[in-house]
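Thank you all for coming; I would like to take a few minutes to walk through one structure with you, beginning at a single residue and working outwards. Please have the sequence and the model open as we go.

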Amino acid sequence: MSAGSAPKIDTVRGDITRLEIDAIVNAANTTLLGGGGVDGAIHRAAGPKLLEECRTLGGCRPGEAKITGGYHLPARFVIHTVGPVWSGGKRGEPQILANCYRNSLQLAVKNEIATIAFPAISCGAYRYPVQEAARIAVNVTRNFLATSPSIGQVMFVAATDEILAAYQELL
């Protein structure tokens, strides 16, 4: 990246497992041992070595993030983060979701990752309202990038048109 150029934030509709990027973020469950949605798709695409490495990590608490290799994915790394299950917003869900993005970005910087893609964390089976989740994702990412120039590109990957529209409205 040239001096003074701002990190780029984009949104795209598509399959996060197909991106040729430094790291993709997995909306994981606390076991890190695979599941449905994005989590299951990432585990299937990466192959059995991902599960093998995840077994050594001791799980992950909501809001935290852990990193593994990408194995058979085009991405070199997978950053696993556990989003909150939506239960009305009064149990710290916004703070936990913000921590998912912040901690994932911190791991990216620590591991010299310049390009990273996020799914809409907690917006599937965990039922987080899409508009609110997108607002948190974009705000945390913009604030983080303002003080961390080592990340050159962040992509928000939408699985549905509704999610894509929510991000496009904010970007």
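**From one serine outwards**

Let me begin with Ser-122, which is buried, having a relative accessible area of 5%. I should say at once that this is a predicted model, and what follows should be heard in that light.

Ser-122 sits in the loop between β5 and α4, and its side chain reaches the backbone oxygen of Pro-84 at 2.8 Å. If we set aside residues up to four places away in sequence, Ser-122 touches Gly-83, Pro-84, Leu-97, Arg-127 and Tyr-128. One of these, Arg-127, belongs to the loop between β5 and α4 as well, and its phi is positive, at about 60°, although Arg-127 is not a glycine. As background, most residues other than glycine have a negative phi. Leu-32 is another case to look at, with a phi near 65°, again in a residue other than glycine; it lies in the loop between β2 and α1, and it is buried, with a relative accessible area of 0%.

Tyr-128, which we met beside Ser-122, also takes us to helix α3, where Pro-94 is found. Not counting neighbours within four places in sequence, Pro-94 is in contact with Gly-89, Tyr-128 and Ile-136. Is Pro-94 buried or exposed? Neither, strictly speaking, because a relative accessibility of 26% puts Pro-94 in the partly exposed class, given that buried means under 20% and exposed means over 50%. The C-alpha atoms of Pro-94 and Ala-137 are separated by 10.0 Å, with their positions 43 residues apart along the chain.

Let me now step back to the whole chain. The secondary structure comes to five helices and six strands, and, read along the sequence, these follow the pattern β-β-α-α-β-β-α-β-α-β-α. For 171 residues, a compact globule would have a radius of gyration near 16 Å, and the protein has 15 Å, which agrees. Taken along the principal axes, the C-alpha atoms fill a box of roughly 40 × 40 × 25 Å. Of the 171 residues, 47% count as buried, while the protein exposes about 8200 Å², of which carbon and sulfur atoms supply 52%. Among contacts between residues at least 6 apart in sequence, 67% join residues at least 24 apart.

Turning to the interior, which residues of the largest nonpolar core touch the most other members? This core has 36 residues, and the ones in question are Ile-79, Tyr-101, Ile-116, Phe-118, Phe-156 and Tyr-167. The elements that give two or more residues to this core are β2, α3, β5, α4, β6 and α5, and α4 gives the most, with nine residues. Apart from this core lies another, of 18 residues, among them Ile-16, Ala-75, Val-78 and Val-82.

Phe-118 and Ile-16 deserve to be taken together here. Leaving aside neighbours within four places in sequence, Phe-118 is in contact with a list of residues that includes Ile-16, Val-25, Tyr-101, Leu-105 and Phe-156. Ile-16, for its part, is found in the loop between β1 and β2 and is buried, with a relative accessible area of 7%. Under the same sequence exclusion, Ile-16 touches Ile-24, Val-25, Val-38, Ile-42, Ala-117, Phe-118, Pro-119 and Val-157. The C-alpha atoms of Ile-16 and Ile-42, which are 26 residues apart along the chain, are separated by 8.1 Å.

I will finish with helix α5, residues 161-170, whose buried residues are Ile-163, Leu-164, Ala-166 and Tyr-167. Why do we say that these buried residues line one face of the helix? Seen down the axis of α5, they fall within an arc of 160°, so they line one face. The general background is that an α-helix has 3.6 residues a turn, so residues three or four places apart point the same way. On the other side of α5, Asp-161, Glu-162 and Glu-169 are exposed. What covers the buried residues of α5 includes β1, α3, α4 and β6, and one of those buried residues, Tyr-167, brings us back to the largest nonpolar core, where Tyr-167 is among the residues that touch the most other members.

Key. Residues numbered from 1 in each chain as written. Predicted model: local features only at pLDDT ≥ 70, side-chain atom pairs only at ≥ 80, totals over all residues. Heavy atoms only, no water. Buried < 20%, exposed > 50% of the residue type's maximum accessible area, 1.4 Å probe, protein only. Helix = DSSP H or I, 4+ residues; strand = E, 2+ residues; numbered from the N terminus. Arc of directions from axis to C-beta. Contact = heavy atoms within 4.5 Å. Core = buried A, V, L, I, M, F, W, Y, C linked by side-chain atoms within 4.5 Å. Rg over C-alpha atoms; globule rule 2.2 N^0.38 Å. Areas by Shrake-Rupley, 256 points an atom, 1.4 Å probe, with all protein chains shown as cover. Polar contact = N/O pair within 3.5 Å; in protein donor to acceptor, adjacent residues only side chain to side chain.
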